[in-house]
Amino acid sequence: MRLFVNLRGFKMKIMKNRGYIYALAALLCLCVACGRKGASDVAESIDIEEVTAPAMGFEPDSLEMRSGEVKNGQFFSTLLGGLGMSQQEAYNLTEASKDIFDVKTLRVGKQYRAYYEDSVLKYLVYDRDKASSIVFDCTAPYGAWVYEKPVTVEQRYADVTINSSLWVDMRAAGVSPLLIVSLSDIYAWTVDFFALQKGDRFRVLYEEKMCEGEVIAVDTVRYAVFSHGGDDFPMVMFDQKDGGNMWWNEKGESMRKAFLKAPLQYSRVSSGFSYARRHPVTRKVQPHTGVDYAAPKGTPVMTIGDGVVTSVKYEGAGGNTVRIRHNSVYSTAYLHLSKYAKGLKAGQRVRQGEVIGYVGSTGRSTGPHLDFRVWKNGTPINPLKMDSPPAEPIASSNLPAFNRRHEQYKASIDAIQAQSVAAELFELL
């Protein structure tokens, strides 16, 4: 059951008629109660777990600690030398810990903490990532082990309406930028993220991994609804346990389609498809059978689908260009590249989303951008209007379970929204 309330429109009526507001609030509570079963079902179907970290392996509070970060040009041996170990001791530690830590993986900027007793280095803790560290025992017989920090997985809900941009509005709503990356991956075949409009809306049930109060990953997007132009585009996570696709629309069709919506991330359309565009360099009116994406030089360019590279070369006005044949119907071209992906050559097979080059301004160009072109049966088509059929749908044997999961997620969002509206109404009393 859904109930939408225009708070601004009802405000005066509410203040004049307290009986009305009490009745409305009671009705909303009933809606929430009706939705709780679906919400609880969802909670039961999601494993919210806390990963208990092992002991660090020593008592840091009893030792003197000095912290720092790996500097440019610093090797593991020179790091250890700077912390007080001799060359022989550093060698012994490196040998004893090589099964745990490859010295080649030492990275500039990574944090470390050195622990001393009576000015003798006892332990070194190197932060491998946000959730784990390598602990080195710096005294004979030497050794190393992995310390996993406590990590929790928490369920979240986000409801964001676009006013300026997806990035700005999600950050303003307190949503982790990592969710934006996940949504752009899942909806890449359905939503053109370069053409989001004011009023577009995302509602998302997802999970975050938290470590020491910081979001380290958006672990799983369970359910989302993208609203645009009066239409809703739901996404349901459902694992068929076959190692394949996990994201589907409400009909059980794969969210992954034959082609990506765009060949690069986070840019803007600077020039559209036209048969009568005035060229910015020659000033002549001529066809522009592609779409220009303005982006910084060096931005990775991806192939929008699987295919075979037919050409990798400089093409005069088009500059450095890569051409790909996807099947007997579709082919694409990527112009004005600053450089090609390492080792890319004609005849090579590429996979959807694979980087084939980088944005540049080679050829006849006024600035860094990608000129992206698509042909269907040899005829240029507008990439922004290209329709792409969905991949293999969900197995018919899994449809009943899939439909139940969809209804559970949908009921959960309806219940959350009803609770939010009820809370706003009670605040007016």
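The following paragraphs lead through a predicted model, from a sheet of five strands to a nonpolar core and a loop beside other parts of the chain.

The open sheet offers a convenient place to begin. Its five strands follow the order β2-β3-β4-β5-β6, and their pairing is antiparallel. Two strands, β2 (residues 64–69) and β6 (residues 143–148), stand at the edges; each has a single partner strand, so one side of each is left without a neighbour in the sheet. On average, and with direction ignored, neighbouring strands of this sheet are turned by 20° against each other. At one edge, β2 pairs with β3 (residues 111–117) in the antiparallel sense, over six bridges. Within this pair of strands, Met 65 stands opposite Tyr 115 of β3.

A second group of paired strands is centred on β17, which spans residues 307–314. Six bridges join β17 to β18 (residues 320–325), and these two strands run antiparallel. Ser 311 has Arg 323 of β18 opposite it. Together β17 and β18 form a hairpin, with five residues between the two strands. In the turn of this hairpin, Gly 316 has a positive phi of about 60°. Strand β17 also pairs with β20 (residues 349–350), again in the antiparallel sense, over two bridges. Here Gly 307 stands opposite Val 350 of β20.

The hairpin strand β18 leads on to the nonpolar core. In soluble globular proteins, nonpolar side chains tend to be buried together. The largest nonpolar core of this model has 28 residues. Those with the most contacts inside this core are Tyr 293, Val 322, Tyr 334, Ile 356 and Leu 370. Two or more residues are contributed by each of β15 (291–294), β16 (300–302), β18, β19, β21 (355–359) and β22 (369–376). The surroundings of Ile 356 give a view of this region: apart from residues up to four places away in sequence, Ile 356 touches Val 301, Met 302, Thr 303, Val 322, Ile 324, Tyr 334, Tyr 340, Ala 341, Leu 344 and Val 350.

Thr 332 belongs to strand β19, which covers residues 330–340. With a relative accessible area of 2%, Thr 332 falls under the 20% limit and is therefore buried. The side chain of Thr 332 makes a polar contact, at 2.9 Å, with the side chain of Tyr 334. When neighbours within four places in sequence are left aside, the contacts of Thr 332 include Val 322, Arg 323 and Ile 324, as well as Phe 372, Arg 373, Val 374 and Trp 375. Ile 304 and His 326 are also among the contacts of Thr 332.

Ala 258 presents another setting, in the loop between β11 (247–248) and β12 (268–271). At 36% relative accessibility, Ala 258 counts as partly exposed, because this value lies between the limits of 20% and 50%. Although Ala 258 and Gly 305 are 47 residues apart along the chain, their C-alpha atoms are separated by 6.3 Å. Beyond residues up to four places away in sequence, Ala 258 touches Ile 304, Gly 305, Gln 352, Ser 388 and Pro 389. Ile 304 is thus a contact of Ala 258 and also a contact of Thr 332.

The cysteines complete the account. Cys 138 is buried at 4% relative accessibility, and Cys 211 is buried with a relative accessible area of 3%. The structure holds zero disulfides.

Technical notes
Residues numbered from 1 in each chain as written. Predicted model: local features only at pLDDT ≥ 70, side-chain atom pairs only at ≥ 80, totals over all residues. Heavy atoms only, no water. Disulfide = S-S within 2.5 Å. Buried < 20%, exposed > 50% of the residue type's maximum accessible area, 1.4 Å probe, protein only. Pairing = 2+ DSSP bridges. Helix = DSSP H or I, 4+ residues; strand = E, 2+ residues; numbered from the N terminus. Axes fitted to C-alpha atoms, helices over the stretch in contact; angles between N-to-C directions. Polar contact = N/O pair within 3.5 Å; in protein donor to acceptor, adjacent residues only side chain to side chain. Contact = heavy atoms within 4.5 Å. Core = buried A, V, L, I, M, F, W, Y, C linked by side-chain atoms within 4.5 Å.
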